[in-house]
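Trainee: I would like a close look at one part of this model, the surroundings of the ligand. Please go on from there to a few single residues elsewhere in the chain.

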Amino acid sequence: MFGLPPEQIQENIKRVEDRIAAACKRAGRDPAEASLLPVTKTMPVDSVQAVMAAGYGRIGENRVQEIRQKREVLGDAVEIDMIGSLQKNKVKFIAPYIRLVHSVDRASLVIEIEKQAFKNDRSIECLLQVNIAGEEQKSGIEDENLFKLARTASQCPNVKVIGLMTMPPFYDDPEKCRPIFQRLRELAEMLGSSGPDRISMTELSMGMTHDFEVAIEEGATIVRVGSAIFGPRACAMK
Ligand SMILES: *Cc1c(COP(=O)(O)O)cnc(C)c1O
């Protein structure tokens with residue numbers, strides 16, 4: 001795996017930070033409420049170290065295998081968020097240290113996370129992933145089943161739901177994602193005010209390289225950005 005030179009990565013990070021700040025300004029938001037999660041999937045450890053040197057203590061990854069490899073090298077020098085779809089039988093590998101799971105989309109997964117979190121004597125922060133556009137091929141729970149999933153999670157003492165995540169389909173025009181981001185925020189507001197007690201709805205993980213500015217304008221608190229920082233990924237590894 002070869003990544004961009006560290007100076008290039010740091011320059012890209014600055015550019016993304018500037019664009020986030022500008023989007024916050026347009027939306028009248030405090031930039032402190034919008035955090036950038038660098039997505040390092042498929043990128044070498046060198047690239048992770050480049051963002052760490054730029055002051056980032058946290059990265060996003062989408063495959064358990066790769067999380068374990070990076071963890072082996074980096075230890076707890078960096079915190080790792082799981083952003084990709086997660087198989088139940090792999091939860092045990094990351095449960096001891098994973099910081100936030102963005103992709104919790106079904107009850108059986110919630111229950112497995114509870115079990116493994118309990119075994120590790122910790123609580124694991126989770127976001128419920130919603131499939132707003134209702135596309136069949138994408139992961140995420142459908143709107144209408146979200147409350148039920150939230151209720152299941154609220155009954156798991158070691159699962160700490162802190163918000164929602166979505167991944168819209170790819171549109172050439174990022175403006176087309178706006179209604180999806182608006183809907184996610186609406187769902188979070190509904191769950192926050194009339195959902196189960198033990199969950200909180202402070203985080204909205206939405207927006208990637210192609211659409212993070214629109215997401216920020218619509219209230220994202222975490223944007224997950226990969227290629228704008230680290231360059232394009234090899235196609236087979238998307
Ligand atoms: C890969 C990935 C990202 C980052 O994608 P870019 O378009 O490279 O910014 C964000 N979220 C998820 C869930 C991903 O899998």
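Mentor: What follows starts at the ligand and then turns to backbone angles, one helix residue and the cysteines. Keep in mind that the model is predicted.

The shell around the ligand consists of Lys41, Ile83, Met165, Met167, Met208, Thr209, Arg224, Val225, Gly226, Ser227 and Arg233. By residue class, this shell divides into five nonpolar, three polar and three charged residues. Polar contacts to the ligand include one from the side chain of Arg224, where an N or O atom is 2.8 Å from a nitrogen atom of the ligand. Gly226 takes part through its backbone, with a polar atom 2.8 Å from an oxygen atom of the ligand. Ser227 uses its side chain, and a polar atom there lies 2.7 Å from an oxygen atom of the ligand. On its own the ligand has 390 Å² of accessible area, and the protein covers 92% of that.

Next, the backbone. Most residues other than glycine have a negative phi. Thr42 has a positive value, with phi near 70°. Thr42 sits in the loop between strand S1 (35-38) and helix H2 (45-53). Its relative accessibility is 11%, so Thr42 counts as buried. Asp121 also has a positive phi, near 55°, and is placed in the loop that runs between helix H5 (107-119) and strand S5 (124-130). Asp121 counts as exposed because its relative accessibility is 71%.

From the loops to a helix: Ile13 belongs to helix H1 (residues 6-27). With a relative accessibility of 2%, Ile13 is buried, since the cut-off for that class is under 20%. Leaving aside residues up to four places away in sequence, Ile13 touches Leu36, Val51, Tyr56 and Ile229. Between Ile13 and Ala50 there are 9.9 Å from C-alpha to C-alpha, at a separation of 37 residues in sequence.

Last, the cysteines. A search of the whole structure finds zero disulfides. For Cys126, the nearest cysteine sulfur is that of Cys156, 9.1 Å away, and a disulfide would require the two sulfur atoms to be within 2.5 Å. Cys126 is buried, because its relative accessibility is 1%. Cys177 is likewise in no disulfide, and its nearest cysteine sulfur, that of Cys24, is 18 Å away. A relative accessible area of 0% is why Cys177 counts as buried.

Methods
Residues are numbered from 1 along each chain as its sequence is written. This is a predicted model: local features need pLDDT of at least 70, side-chain atom pairs count only at pLDDT 80 or more; totals for chains, interfaces and linings use all residues. Side-chain values use heavy atoms; hydrogens and water are left out. Helices (H or I, at least four residues) and strands (E, at least two) are DSSP runs, numbered from the N terminus. Buried means under 20% relative accessible area, exposed over 50%, partly exposed in between (1.4 Å probe, protein chains only). Contact means heavy atoms within 4.5 Å. A residue is near a molecule or strand if one of its heavy atoms lies within 4 Å of it. A polar contact is a pair of N or O atoms within 3.5 Å; within protein, one must be able to donate a hydrogen and the other to accept it, and residues adjacent in sequence count only if both atoms are side-chain atoms. Accessible areas come from the Shrake-Rupley method with a 1.4 Å probe; for residues, only the protein chains shown count as cover. Ala, Val, Leu, Ile, Met, Phe, Trp, Tyr, Cys and Pro count as nonpolar, Asp, Glu, Lys and Arg as charged, and the others, Gly among them, as polar.
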